[in-house]
Amino acid sequence: MKDYSYIDPGAVEFVAISNIEDLPVGERLFVEIDDLDIVVFNLAGEVYAIGDICSHDDGPLGEGEIEDREVICPRHGARFDVRTGKAVGLPAVIDIPAYPVKQEDGQLWIGIPKEE
Ligand code: FES
């Protein structure tokens, strides 16, 4: 199944979510922007933002453990690549959104799809 939800950085509006130092290595942040639930991970200095809802059965994905840049849903064990949102382990087969992230002016910014 192909439902790859990566969002083109040119089609988004960046929103500041926190100071960079508020997300140390190994930590995660939960944010809500425009009714979108998003979890932001700092993995070894690389920051990734994905949807915080599992595509299998709406589990709280952001609370899952991380292994090899994959987050494991705490409900039934589905896996998603935090870099792309791609579903890489059953029972999930539908990808989740992955949002572009940038670090600028001491802030973390997440790209949210522009309104059409
Ligand atoms: S809700 Fe995430 S694997 Fe079922």
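## A first look at the core and two sheets

The largest nonpolar core holds 22 residues, and V40, A49, I50 and F80 have the most contacts inside it. Keep in mind that this is a predicted model. Who supplies this core? At least two of its residues come from each of β3 (36–43), β4 (46–51), β9 (98–99) and β11 (107–113). The largest share belongs to β3, with 4 residues.

F80 deserves a closer look. Setting aside neighbours within four places in sequence, F80 touches I50, L61, E70, V71, G85, K86, A87, V88, A92 and I96.

Now for the sheets. One is an open sheet of 4 strands, running β5-β6-β7-β8 with antiparallel pairing. Here β5 (65–67) and β8 (87–89) sit at the edges with a single partner strand each, so one side of each has no neighbour in the sheet. From one strand to the next, the twist averages 35°.

The other is an open sheet of 3 strands, again antiparallel, in the order β1-β11-β10. Its edges are β1 (12–19) and β10 (101–104); each has a single partner strand, so one side of each is left without a neighbour in the sheet. Neighbouring strands in this sheet are turned by 35° against each other on average, ignoring direction.

Here are two of the strand pairs, both antiparallel:

| Strand pair | Bridges | One bridge pair |
|---|---|---|
| β5 and β6 (residues 70–72) | 3 bridges | E67 with E70 in β6 |
| β10 and β11 | 4 bridges | Q103 with L108 in β11 |

Some names come up twice: E70, the bridge partner of E67, is also among the contacts of F80. Likewise, β11 pairs with β10 and supplies at least two residues of the core.

Notes:
Residues are numbered from 1 along each chain as its sequence is written. This is a predicted model: local features need pLDDT of at least 70, side-chain atom pairs count only at pLDDT 80 or more; totals for chains, interfaces and linings use all residues. Two strands pair if DSSP finds at least two bridges between them. Axes are lines fitted to C-alpha atoms, for helices over the stretch in contact, and angles run from 0 to 180 degrees between N-to-C directions. A nonpolar core is a set of buried Ala, Val, Leu, Ile, Met, Phe, Trp, Tyr and Cys residues joined through C-beta atoms within 7 Å. A residue is buried if 20 or more other C-beta atoms lie within 10 Å of its own, exposed if 12 or fewer, and partly exposed in between; C-beta atoms are placed from the backbone. Two residues are in contact if their C-beta atoms, placed from the backbone, lie within 7 Å.
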